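Visitor: I am new to protein structures and would like to learn how to read one. Could you walk me through some features?

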Amino acid sequence: MRLSIIILIIIIINMIGGEYKGNHGLPGVKGQKGSKGENCENGTKGEKGDMGELGLPGVDGENGEKGEKGDIGEKGEKGDIGPKGEKGVKGDIGVEGGHGEDGKKGEKGEPGIRGDKGDQGPIGLMGPPGVKGSLGFKGIRGAPGKKGSRGSAFSVGLSKPFPPPNLPIKFDKILYNKQEHYNPLTGKFNCSIAGAYVFSYHMTIRGRPARISIVCQNKKMIRSRETLYGQEIDQASFLTILKLNAGDQVWLEVTRDWNGVYVSAEDDSIFSGFLLYPDEIFDTLFDKDDIILK
């Protein structure tokens, strides 16, 4: 309070003295903070002051309530592969798995130790024939063979044209009949040696058709025909093999209205046959006592 009075006196002296103004004195000591004034009801609101300095952070508040589940976000991009982790502890043995696929064929191993000799296996199949060897030495002459069978052959011709139908054709022109197994009176061949026989005919056909049959034991074994009319001339031929037993008979026949078999001084009709091989040929070539079946 005293300091304020002193300052007031100095101000008044300066105002009275006028020209006698002295030098500025030293600043006075800062006064004490005055007491708070009374509130002014009619005071005007002052302008907003500048923002003060940032204060210290406050104490953390309590956790709020759990919010609702948000929508699923978009799938993010695949991240980089992370670093290899450390080796984990060995786990317990798991349940036995199913049979896996066969693995790739491994490399050939080294030869093993040679085993003991096994039992002899069964006899295998016969292999292919080998290369023909060189000619061997001449062997010792063998024992005389069995006597062969007699042959059997004939060849006969027709002397008259158009033989009667449904009867044996009587070929009465003998060309060969050394064994006399063909009978020109009956027109039949009589088998005396069982075996396989070859029979053939070569006929001249004229003026009418011909149906020719080879008959064995009253059974027509072979049938053939030649269709011809007028005065034309043609040829008909046939050959076959028949299996005969001793006592069988073979002949040729023509049927009714189909008997155009013809002969003349210039044309022949021939019937022939011979033994191809007898049934006993195997007994002749091989002795049964020498054959061993395994």
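## Reading the features

Guide: Gladly! A search of the whole structure, which is a predicted model, turns up two salt bridges.

Visitor: What is the general idea behind such a pair of side chains?

Guide: Side chains of opposite charge can pair when their charged atoms come close. Here, the side chains of K173 and D268 form a salt bridge, at 3.6 Å from N to O. This pair links distant parts of the chain: K173 is in strand 2 (residues 173–176), while D268 is in the loop between strand 8 and strand 9, 95 residues apart.

Visitor: Which side chains meet in a salt bridge at 3.0 Å, N to O?

Guide: Those of D279 and K243. D279 lies in the loop between strand 9 and helix 2 (281–285) and K243 lies in strand 7, so this salt bridge ties together parts that are 36 residues apart in sequence.

Visitor: Are K173 and D268 buried, partly exposed or exposed?

Guide: K173 counts as partly exposed because its relative accessibility is 40%. D268 is also partly exposed, at 39%. From the other pair, D279 has 36% relative accessibility and counts as partly exposed too.

Visitor: Let us turn to cysteines. How many disulfides does a search of the whole structure find?

Guide: First, the general idea: a disulfide is a covalent bond between the sulfur atoms of two cysteines. In this structure the search finds zero disulfides. Take C191, which is in no disulfide: its nearest cysteine sulfur belongs to C216 and is 8.6 Å away.

Visitor: Why does C216 not bond with C191?

Guide: The cut-off for a disulfide is 2.5 Å between the sulfur atoms. The sulfur of C216 is 8.6 Å from that of C191, so the two are too far apart for a bond. As for their surroundings, C191 counts as buried at 5% relative accessibility, and C216 counts as buried at 11%.

Visitor: Now for the interior. Which residues touch the most other members of the largest nonpolar core?

Guide: To read a core, look for buried nonpolar residues whose side chains are joined by contacts. The largest one here has 30 residues, and F171, F199 and L244 touch the most other members. Several strands each supply at least two residues of this core, among them strand 1 (153–157), strand 7 (233–244) and strand 8 (249–262). The largest share, nine residues, comes from strand 5.

Visitor: What does F171 touch?

Guide: Leaving out residues up to four places away in sequence, the contacts of F171 include V156, Y182, M203, L252 and I270.

Visitor: And on the surface, which residues make the nonpolar patch?

Guide: I241, F274, L276 and Y277 make a nonpolar surface patch of about 380 Å². Strand 9 gives the largest share of the patch, three residues. One residue found in strand 9 is F274, which is partly exposed with a relative accessible area of 38%.

Visitor: Lastly, I would like to try backbone angles. Where is F162, and what is its phi?

Guide: Here the thing to look for is the sign of the angle. F162 sits in the loop between strand 1 and strand 2, and its phi is near 50 degrees, a positive value in a residue other than glycine. F162 is partly exposed, at 30% relative accessible area. D257 also has a positive phi, near 60 degrees. D257 lies in strand 8 and is exposed, with a relative accessible area of 59%.

Definitions and conventions:
Residues are numbered from 1 along each chain as its sequence is written. This is a predicted model: local features need pLDDT of at least 70, side-chain atom pairs count only at pLDDT 80 or more; totals for chains, interfaces and linings use all residues. Side-chain values use heavy atoms; hydrogens and water are left out. Buried means under 20% relative accessible area, exposed over 50%, partly exposed in between (1.4 Å probe, protein chains only). A nonpolar core is a set of buried Ala, Val, Leu, Ile, Met, Phe, Trp, Tyr and Cys residues joined through side-chain atoms within 4.5 Å. Helices (H or I, at least four residues) and strands (E, at least two) are DSSP runs, numbered from the N terminus. Contact means heavy atoms within 4.5 Å. Patches are made of residues with over 30% relative accessible area and no salt bridge: like charges are joined within 9 Å, nonpolar side chains (Val, Leu, Ile, Met, Phe, Trp, Tyr) within 5 Å. Accessible areas come from the Shrake-Rupley method with a 1.4 Å probe; for residues, only the protein chains shown count as cover. A salt bridge is a side-chain nitrogen of Lys or Arg within 4 Å of a carboxyl oxygen of Asp or Glu.
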